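Let's take a look at the charged side chains in this one and see who pairs with whom. Here is the structure to keep open while you read.

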Amino acid sequence: MQPLVAKPARRPGTLSIVPFDGTVTVKFSDASVASSERAKVLYEDGCDPVFYIPFEDIYFALFEKTNTTTISPSKGTASYWRVHAVGGSADDFMWAYETPETAALAIARHGAFDPEKARIEADPTEDQRHTPHVID
């Protein structure tokens, strides 16, 4: 996984959602459960960057929605999914803000994955690999 080194400028307490220029693949055990060239990265103060993958690029046949929900003042209510693949499963593996708050509308119909349960591989495009990044 490539580290995210550049952060967009933003005001404290705000979200920043930017497209990721490359491919993001999510695996559980040995199974690919999502892969996208249209992923977005959500930056939020005090949190690690999070990849969000469009629903169309998630293999929902491997998922089962759970009753778990959480609330974020800036993003809205998150719903969670359990993954079943390669003879195993993991609860609350993926979450999504199906009807997000205005500040997070760019991640509507996108899912994010628990980095402690998923293997998330971010492969930037060739142009991104050779572009100098500025860290603020």
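What follows is a short tour of the salt bridges and the residues that make them.

First, a reminder that this is a predicted model. How many salt bridges does the structure hold? The count comes to 8, and three of them are set out here.

| Acidic residue | Basic residue | Closest N to O distance |
|---|---|---|
| Asp57 | Arg38 | 3.0 Å |
| Glu64 | Arg82 | 3.2 Å |
| Glu121 | Arg119 | 3.3 Å |

Start with Asp57 and Arg38, which form a salt bridge. Asp57 sits in the loop between strand 5 (50–54) and strand 6 (63–72), while Arg38 is in the loop between strand 3 (31–36) and strand 4 (40–44), so this pair ties together parts that are 19 residues apart in sequence. Is Asp57 buried or exposed? With a relative accessible area of 15%, Asp57 is buried, because the cut-off for that is under 20%. Arg38, on the other hand, is partly exposed at 45%.

Next up is the salt bridge between Glu64 and Arg82. This one links distant parts of the chain, with Glu64 in strand 6 and Arg82 in strand 7 (residues 76–85), 18 residues apart. Glu64 has a relative accessible area of 36%, which makes it partly exposed.

Then there's Glu121, whose side chain meets that of Arg119 in a salt bridge. Glu121 is partly exposed at 30% relative accessibility, and Arg119 also counts as partly exposed, at 40%. Back with Glu64 and Arg82, there's a network to look at: salt bridges with shared partners join these two and Asp91 together.

Definitions and conventions. Residues numbered from 1 in each chain as written. Predicted model: local features only at pLDDT ≥ 70, side-chain atom pairs only at ≥ 80, totals over all residues. Heavy atoms only, no water. Salt bridge = Lys/Arg side-chain N within 4 Å of Asp/Glu carboxyl O. Helix = DSSP H or I, 4+ residues; strand = E, 2+ residues; numbered from the N terminus. Buried < 20%, exposed > 50% of the residue type's maximum accessible area, 1.4 Å probe, protein only.
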